[in-house]
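The exercises below are to be worked with the sequence and the structure open. Each solution goes step by step.

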Amino acid sequence: MSQAITPTIRVQNVRQNRLQRKLWFFGGLAILLILASFFSDYLCPYDPYLQDMSLTKAAPSAEHLLGTDRYGRDMLSRVIAGSKTSIFSTLLLVGFIAVFGSIIGIICAWAGKWVDTLLMRMSDMFLAFPGLVFALAVAAVLGGGVHNAIFALAAISWPKYARLARSQTLALQSAAFMQAAKMAGSGTCKIIRKHVLPNIAGPILVTAMLDIGTMMMELAGLSFLGLGAKPPIPEWGSMMSDTRNLLPTQPWVTLSPGFAIFFSVMIFNLLGDTVRDYLDPKNRK
Amino acid sequence: MDTILQTAHLKKVFPRKDGEDIVAVDDVTFSLKKGEKLAIIGESGSGKTTVARMIAHLLEPTAGQVMLAGEDITNAGGAKLKEVYTRMQMVFQNPVDSFDPRCTLGDGISESLLNHGKSKRQAAEMTKNLLALCGLGEEFAQRYPHEVSGGQCQRAAIARALAIEPELVILDEATSALDVTVQAEVLDLLNRLQEDRGIAYLFICHDIALVQDFCDRVIVMHEGKIVEEGIPDEIINNPQQAYTKKLIDSVL
Ligand SMILES: Nc1ncnc2c1ncn2[C@@H]1O[C@H](COP(=O)(O)OP(=O)(O)OP(=O)(O)O)[C@@H](O)[C@H]1O
Ligand SMILES: [Mg+2]
C-alpha cells in the first residue's frame with residue numbers, strides 16, 4: 001500500500017518544486033521587464049529623441065550597442081523607451097479589462113433576468129467584431145494614436161472576462177457554502193467579497209497572464225499598421241514598420257524592436273503557462 | 001406549547017426540458033412545536049432535502065407557505081430574512097461542501113457572529129467554545145475544510161448552526177458521517193441544548209433506530225408526499241402504510 005503511494009507523492013513533490021522554480025524564474029524576468037518599462041526614462045543611455053545627423057544608420061558599436069537609426073538616434077535607448085508604451089500600456093490594458101469584465105460578469109450572474117440578457121448580448125456584439133476592423137473604425141472616428149488603439153483593444157477584449165466571471169460565479173451560486181453564508185446573514189456585498197472573489201480569482205488571473213503576450217502583439221501589430229503609436233514616439237511595432245525598408249541593409253534597426261517584442265511576449269506567455277500549471281489542483285499536494 | 005414552524009401545502013416542481021416535470025415535494029403540511037424534535041424519514045429521493053431547503057428560504061416553493069412562529073416568511077427578504085436566520089439555522093447534508101474551501105472552519109463558524117454585531121475578539125472566543133461544545137479542539141478553527149475528516153467537518157457544521165443560538169435547527173443527515181460513539185455524544189449535546197434553551201429540531205434522517213431514540217415525532221415521506229405521521233415507537237411497531245413497513249423492514 002505505502003509502496004504504491006510514496007512514488008506518486010514524490011513525483012508530485014518534484015513537479016511542484018520544478019513548477020515553483022519556473023514560477024520564480026519567469027516571474028523574476030517579467031518583474032524585471034516591468035521595472036525596466038517603469039523606469040525606462042532613467043535607463044536610456046541617450047535621449048531616445050535626440051537626432052545626430054553625423055551618425056546615421058551606424059552599426060552596433062561600443063557607444064551605441066544596438067547602432068543608430070536613419071536619424072542617428074540611439075537604438076538601445078529607443079528600444080528601452082519603447083518598453084514604456086509596449087509593456088506598461090499592455091499591463092494597464094489587461095488589468096483594466098480583467099477587472100472591468102469580471103465586474104460585469106459577476107453582475108450578470110447575480111442579477112440574472114434582463115440585466116444578464118442585456119449585458120451578455122452587448123458582450124456578444126463586441127465579441128463579434130473582428131479586432132482589426134474595429135481598430136480601423138476607432139482610428140477613423142477618433143483618430144490614430146496609442147490611446148485609441150488601447151481603447152479599441154479594450155472594447156473588444158473585455159467580454160472574454162465577463163463570460164468567464166459569469167460562468168464561474170453561476171457555478172458557485174449552487175454551492176452549499178454560499179447558502180450557508182446567506183444563512184449566516186451575510187449580505188450580497190460580503191458574500192461576493194468573501195466567497196465569490198477568492199474562488200474565481202484563480203482562473204481570471206491565469207487568463208489575464210496569458211492575455212498579456214497576446215495584447216502586446218496586438219498593440220504592436222496595430223502600431224505597425226499605423227493605427228497605434230505614431231512616430232517619433234518610440235513604440236516597438238511602429239519602430240519596426242517605420243524602418244522596415246532598412247532590413248536588408250541595416251538589419252539591427254528593424255530587428256532590435258522585433259526581438260524586444262519576441263522576448264517580452266515569450267516571457268509573459270511562459271509565465272502565464274507556469275501560473276496556470278501552478279494553480280492547477282492536479283499539481284497540488 | 002407554541003408552534004415554532006408550520007408549513008402549509010408546500011409543493012416543489014422542478015421543470016424539465018423534456019416536459020416530464022419532477023414533483024419533488026407535494027402538499028407537505030406539518031407543524032413543529034417549540035422545543036420539539038421532529039424527524040423526517042424516507043428513502044433517498046423522497047424530497048426530504050427539498051422540504052428543508054424550502055423552509056430555510058434557499059429554494060422558492062412552487063406553492064404553499066412557511067410560517068415561523070406564526071409569521072408567514074414565504075416571501076421574506078432583506079432585513080426580515082436576516083432576522084429569520086437568527087432564529088432558524090440549518091446543518092447541510094454534505095458538510096464539507098457547506099464550508100468555503102478558501103476559508104477556515106473558524107471563519108465559517110464566526111461569520112454569523114460577526115454579521116450580528118459581535119467583535120472579532122468575542123467571535124473568536126465564542127467559536128472556541130462552540131468547537132469545544134461539539135467535541136473539537138480549538139486548533140480546528142485554523143483548519144481548512146479539506147484538512148479535516150467528514151465527521152469533524154460535520155461537527156463544525158453543527159457548531160456553526162448553533163452559533164447564534166437559534167430557536168429552530170434543521171439537521172439534514174447531520175449525524176450520518178459520525179461513528180456510533182461520536183454520534184451519541186452529538187445527540188447528547190443536541191438533547192442538552194433542547195432542554196436548556198428549548199431549541200426545536202427538524203431532524204432529517206435515514207436511520208430509524210436513531211429516530212426512535214432521539215425524536216418525539218416522526219413524519220414518513222414517500223415520493224414527495226407525507227404518507228404517515230406519529231410517535232416513533234408506534235410507527236415502528238405498528239406501521240399503517242405498506243411503504244413504512246418496507247422502510248422499517250429494510251433496516252431492522
Ligand atoms: N435542483 C434540482 N433540480 C431538479 N431535480 C431536483 C433538484 N433537487 C432535487 N431534485 C429531485 O427532487 C427529488 C427529491 O430530492 P431530495 O434531494 O429532496 O431527496 P432526499 O429525500 O433529500 O434524498 P437523500 O436522502 O438522497 O438526500 C429527487 O428526485 C431529485 O432528483
Ligand atoms: Mg437529502
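**Exercise 1.** In this predicted model, find which residues A:S157 touches, leaving out residues up to four places away in sequence.

*Solution.*
Step 1. Apart from those sequence neighbours, the contacts of A:S157 are A:I97 and A:M215.
Step 2. Locate the residue: A:S157 sits in helix α6 of chain A, which spans residues 146–173.
Step 3. Classify the residue. The relative accessible area of A:S157 is 7%, and buried means under 20%, so A:S157 is buried.

**Exercise 2.** Describe the surroundings of A:P48, and state whether A:P48 is buried or exposed.

*Solution.*
Step 1. A:P48 belongs to the loop that runs between α2 (40–43) and α3 (75–111) of chain A.
Step 2. With residues up to four places away in sequence set aside, A:P48 touches A:R73, A:S77, A:R78 and A:A81.
Step 3. Take a pair distant in sequence: A:P48 and A:I233 are 185 residues apart along the chain, and their C-alpha atoms are separated by 9.0 Å.
Step 4. The relative accessibility of A:P48 is 12%, so A:P48 counts as buried.

**Exercise 3.** Identify which residues coordinate the magnesium ion (ligand 2) and where they lie in chain B.

*Solution.*
Step 1. The donor atoms are OG1 of B:T49 and OE1 of B:Q93, at 1.8 to 2.2 Å.
Step 2. B:T49 is in helix α1 (residues 48–55), while B:Q93 is in the loop between β6 (88–91) and α3 (105–115) of chain B; the pair therefore ties together parts that are 44 residues apart in sequence.
Step 3. B:T49 has 25% relative accessibility and counts as partly exposed. B:Q93, at 37%, also counts as partly exposed.

**Exercise 4.** Work out how chain B surrounds ligand 1, starting with which residues come nearest.

*Solution.*
Step 1. There are 14 residues around ligand 1, of which B:S44, B:K48, B:T49, B:T50 and B:Q93 come nearest.
Step 2. List polar contacts to oxygen atoms of ligand 1. A polar side-chain atom lies 2.5 Å away for B:S44 and 2.6 Å away for B:T49. For B:S46, a backbone N or O atom lies 3.2 Å away.
Step 3. On its own, ligand 1 has 640 Å² of accessible area, and the protein covers 64% of it.
Step 4. Two elements of chain B, β2 (22–33) and α1, give two or more residues to the shell. The largest share, three residues, comes from α1(B).
Step 5. Sorted by class, the shell holds three nonpolar, eight polar and three charged residues.

Methods
Residues are numbered from 1 along each chain as its sequence is written. Chains are lettered from A and ligands numbered from 1 in the order in which they are written. This is a predicted model: local features need pLDDT of at least 70, side-chain atom pairs count only at pLDDT 80 or more; totals for chains, interfaces and linings use all residues. Side-chain values use heavy atoms; hydrogens and water are left out. Donors are N, O and S atoms within 2.8 Å of the metal (3.2 Å for Na, K and Ca); water is not among the atoms, so sites may look incomplete. Helices (H or I, at least four residues) and strands (E, at least two) are DSSP runs, numbered from the N terminus. Buried means under 20% relative accessible area, exposed over 50%, partly exposed in between (1.4 Å probe, protein chains only). A residue is near a molecule or strand if one of its heavy atoms lies within 4 Å of it. A polar contact is a pair of N or O atoms within 3.5 Å; within protein, one must be able to donate a hydrogen and the other to accept it, and residues adjacent in sequence count only if both atoms are side-chain atoms. Accessible areas come from the Shrake-Rupley method with a 1.4 Å probe; for residues, only the protein chains shown count as cover. Ala, Val, Leu, Ile, Met, Phe, Trp, Tyr, Cys and Pro count as nonpolar, Asp, Glu, Lys and Arg as charged, and the others, Gly among them, as polar. Contact means heavy atoms within 4.5 Å.
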